[in-house]
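Got a few minutes for some side-chain bookkeeping? Load the coordinates, keep a distance tool handy, and work through the exercises below.

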Amino acid sequence: MKDSYRASAGIYDRLFDSMNKGLKLVGIRMFRPAVGMSILDVGCGTGTQLELYQRYKCNLYGLDLSPAMLEVARKRLGDTAQLDLGDATKMPYEDDQFDLAISMLSLHEMPEETRSAVLNEMKRVLKKDEGRILLIDFHPGPYQPMQGWISKTIIVLSELAAGREHFRNYRHFMAMKGLPTLIAQHQMDTKKQSILAGGTFTVCLTACKPDSSQ
């Protein structure tokens, strides 16, 4: 399978990490991890999200389809995390394994059927009752002037630059109203939510409704 991040993995953090770090910190404030918890980052990329959880002495896991991104993540995290190359629609983890599963800026990249399968897998590997899913992605608005429209313009240009298929998936994600629609479709409850950057990003901490594992 072609690695679409092979050319950009080495510079990805310089391009995007400073912009995205605030989103990650909001996510940690929503779900403060405790020692010994098991944390899974789905689409972990270069490992910057998991790096923030190291200080809490959690059991860290990351899954990604890009060998190039995982190579960067392994250099960053060393043996403090288990990093797996794999398809998030067929995760190599046990049922009821994780206290927290994270997806940051990944779902909008996926075709509709893939998004659904990934969320079902995240629910499967989550611990029943107390487990939580942290979703961070683009928000469909409304956007505040001027910050929101400036941020929106940057996002659209970045998504266009990522290629035709990527941009098509992004447009579908936005047209179906993003995370709020996905959360409702997959019978999840939003426990906490923060809308940021003038209405262009949302951070949602969710839980599975009873008897909605799939």
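What follows is a set of exercises with worked solutions on this predicted model.

**Exercise 1. Find the salt bridge between Arg76 and Glu51, and say which helices it ties together.**

Step 1: start with the distance. The side chains of Arg76 and Glu51 meet at 3.3 Å, N to O, and the cut-off for a salt bridge is 4 Å, so the pair counts.

Step 2: place the partners. Arg76 belongs to helix 3 and Glu51 to helix 2, so the bridge ties together parts 25 residues apart in sequence.

Step 3: check the exposure. Arg76 has a relative accessible area of 28%, so it is partly exposed. Glu51 is also partly exposed, at 34%.

Step 4: put the pair in context. By this rule, the count comes to six salt bridges.

**Exercise 2. Take the salt bridge between Asp95 and Arg124: where do the partners sit, and is each one buried or partly exposed?**

Step 1: the closest N and O atoms of Asp95 and Arg124 are 2.7 Å apart.

Step 2: this pair links distant parts of the chain, 29 residues apart. Asp95 sits in the loop between strand 3 (81–85) and strand 4 (100–104), while Arg124 is in helix 4.

Step 3: now the accessibility. Asp95 comes out at 46%, so it is partly exposed. Arg124 has 16%, and since buried means under 20%, Arg124 counts as buried.

**Exercise 3. Do the same for Lys128 and Asp96, then work out which residues are joined into one network by salt bridges that share partners.**

Step 1: Lys128 and Asp96 form a salt bridge, with 2.6 Å between the closest N and O atoms.

Step 2: the two residues are 32 apart in the chain, with Lys128 in the loop between helix 4 and strand 5 and Asp96 in the loop between strand 3 and strand 4.

Step 3: both ends are partly exposed: Lys128 has a relative accessible area of 40%, and Asp96 has 37%.

Step 4: for the network, follow the shared partners. They join Asp95, Glu121 and Arg124.

**Exercise 4. Hunt down the cis peptide bonds at Gly141–Pro142 and Pro145–Met146, and say where Pro142 and Met146 lie.**

Step 1: read omega. For the bond joining Gly141 and Pro142, omega is about 5 degrees. For the bond joining Pro145 and Met146, omega is about -5 degrees.

Step 2: map them. Pro142 is in the loop between strand 5 (132–138) and helix 5 (147–161), and Met146 is in the loop between strand 5 and helix 5 as well.

Step 3: stay with Met146 for a moment. At 60% relative accessibility, Met146 is exposed. Met146 also belongs to a nonpolar surface patch with Met19, Ile150 and Ile154, and together they have about 420 Å² of accessible area.

**Exercise 5. Look at phi for Asp129 and Ala197: what are the values, and how exposed are these residues?**

Step 1: Asp129 has phi near 70 degrees, a positive value in a residue other than glycine. Ala197, likewise not a glycine, has a positive phi near 55 degrees.

Step 2: locate them. Asp129 is in the loop between helix 4 (112–125) and strand 5, and Ala197 is in the loop between strand 6 (188–196) and strand 7 (201–208).

Step 3: compare with the accessibility classes. Asp129 has a relative accessible area of 75%, so it is exposed. Ala197 has 25%, so it is partly exposed.

**Exercise 6. Which residues form the positive surface patch, and which side chain does Thr48 contact?**

Step 1: the patch is made by Lys21, Arg29, Arg32 and Arg55.

Step 2: pick out Arg29. This residue lies in helix 1 (residues 12–30) and, at 53% relative accessibility, counts as exposed.

Step 3: now turn to Thr48, in helix 2 (residues 48–53). Thr48 has 10% relative accessibility and is therefore buried.

Step 4: check its partner. The Thr48 side chain makes a polar contact of 2.4 Å with the side chain of Lys24.

Conventions: Residues are numbered from 1 along each chain as its sequence is written. This is a predicted model: local features need pLDDT of at least 70, side-chain atom pairs count only at pLDDT 80 or more; totals for chains, interfaces and linings use all residues. Side-chain values use heavy atoms; hydrogens and water are left out. Patches are made of residues with over 30% relative accessible area and no salt bridge: like charges are joined within 9 Å, nonpolar side chains (Val, Leu, Ile, Met, Phe, Trp, Tyr) within 5 Å. Accessible areas come from the Shrake-Rupley method with a 1.4 Å probe; for residues, only the protein chains shown count as cover. Lys and Arg count as positive and Asp and Glu as negative; His and the chain ends are not counted. The place of a charge is taken as NZ of Lys, CZ of Arg, CG of Asp or CD of Glu. Helices (H or I, at least four residues) and strands (E, at least two) are DSSP runs, numbered from the N terminus. Buried means under 20% relative accessible area, exposed over 50%, partly exposed in between (1.4 Å probe, protein chains only). A polar contact is a pair of N or O atoms within 3.5 Å; within protein, one must be able to donate a hydrogen and the other to accept it, and residues adjacent in sequence count only if both atoms are side-chain atoms.
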